[in-house]
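Student: I should like a close look at a single part of this model. Please give one connected account of it and then set it beside another region of the chain.

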Amino acid sequence: MQNTQLTKDNIGQKLQQILEMTKQAGATAAEVDIYVETGYAATARLAEAETLEYNHDKDINILVYLGQQSASVTTSDTRVDALRDAVTTALRIARYAEVDPYVGIIEKEYLSNDVPSLEINFPWTLSAQEAMQLAIECDRSGLAFDQRICNSEGATVNNHQILHAYGNTQGFDHAYSATRHSISSVLVAQGKNEMQRDYYYHTARDANDLPQGEEIARIAAQRTVARLEPRGIKTQQASVLFNPESARSLLKHFISAISGSALYNKSSFLLDHLGERVFPSWFNLIERPHLSRGLGSTPFDDNGMVTYDKHFIENGILKNYALGVYAARKLKMRPTANAGGVYNLLVAPGRENLSQLLKCLGSGLFVTEVMGQGVNQVTGDYSQGASGFWVENGEIAYPVDEATIAGNLSQMFKNISTVGSDLDVRAKLQTPSILIEDMMIAGQAV
């Protein structure tokens, strides 16, 4: 039997077919998640076409339950016989799984078929050949920006369409379409004694929200040239300004700390902090999973629970953990529709632009990139490699490479003195620049 092409018109039927197979095979409950992504990536390097990659990824995840035993299998084969074999395999594995009192399909009280229709599907009628030409023009523009730009690691245009369906034996069954498009540029500059590399990109649901390729290349080139001739700095205590990209990395540690698995495994520095002030009293962190064009927007989480707006931080206070059904059961709490993570988490922006933030910083480190794995989620101890710029009297003085910034996340979050107006919307975690007072900065000898 032929492998069925999954579309918005037939994916619901396939979902129900698989759920029916699980019932017939003896499962006490089941969940089916189908994810289809199609599209292409066109990459140009040195202003010439380099690669054109098409993809058609298809994952069908079947999770079956035998009471409080469970197992899952994943397949890309939509043929009836193959799906039936997958169900049989999952049930065979489940019979040998450990009994877990917390496993099981989501309770009906948390389910609703009143699923919102979101504005996240904007197909881009751009042919692969047109995308390649756009990539070539972007790369050419970056190479021509400054004579110190000596090489390119490529400009890439991505155009992707997503189809997602989820259903379970509690009666929930829903599918939606979404898009994701991007343009990126990676450039290399030659200095007196060294070469530096940097990049810029933009990602959006709607291609009309993307900047022109020349604008992407211009920013990538400016960032690359600005890194040339870095200097060392002395080890000291000073304030640190995180640009939006590095601030996002910082806040990901907060998200990990409030996630269910970290909490029930007692591996979070925010364990038992619900209701306590963990940020300054003016700081707010809001989840908006139905945001129009939001890159993290989704109508339901991985358990089929309809998502909703909520504060994780309200006026500095930790108001919610991020819990799916399994974690909520283990913690004896209510799920928060966060199985699978957070969806459009927004830091409420401030009023200061970058120039004003640098004046607030005074003398300190402006971080544009962090690297390394030096974060202890249990204690909150933080130590990361960093690069960026040293700032004197509110003005950028020179680039800095190979510095280390250190502190403790609990204290760092409380020491946030201000946030900028430069909200970065290119990810599901949207944050402006963040200024933190009094961190340890370890540098090389000057």
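Tutor: Ser182 stands opposite Thr203 in strand 6, and that contact is a convenient entry to strand 5, the part examined here. This is a predicted model, in which local features need pLDDT of at least 70 and side-chain atom pairs count only at pLDDT 80 or more, while totals for chains, interfaces and linings use all residues. Residues are numbered from 1 along each chain as its sequence is written, and side-chain values use heavy atoms, with hydrogens and water left out. Helices (H or I, at least four residues) and strands (E, at least two) are DSSP runs numbered from the N terminus; two strands pair if DSSP finds at least two bridges between them.

Strand 5 comprises residues 173-190. Towards strand 6 (residues 195-204), the pairing is antiparallel and counts 10 bridges. These two strands form a hairpin, with 4 residues between them. Strand 5 is also joined to strand 4 (residues 149-168), again in the antiparallel sense, over 17 bridges. Within that pairing, Val157 has Ile183 of strand 5 as its bridge partner. Strand 4 and strand 5 likewise form a hairpin with 4 residues between them, and Gly171 in the turn has a positive phi of about 105 degrees. As for solvent, strand 5 is mostly covered, since 13 of its 18 residues are buried (under 20% relative accessible area, with exposed over 50% and partly exposed in between, for a 1.4 Å probe and protein chains only).

Strands of a sheet pair through backbone hydrogen bonds, either parallel or antiparallel. Elsewhere in the model, an open sheet of 5 strands has mixed pairing and the order 10-9-8-11-16. Its edge strands, each pairing on one side only, are strand 10 (317-318) and strand 16 (429-430). Inside this order, strand 8 (residues 285-287) runs antiparallel to strand 11 (residues 345-347), with 3 bridges joining them; Leu285 has Val347 of strand 11 as its bridge partner.

The loop between helix 7 (325-331) and strand 11 contains Lys332, and Asn344 is found there as well. Lys332 is not a glycine, yet its phi is positive, at about 60 degrees. Asn344, also a residue other than glycine, has a positive phi near 55 degrees. As to solvent, Lys332 counts as exposed because its relative accessibility is 72%. Asn344, by contrast, counts as buried because its relative accessibility is 0%.
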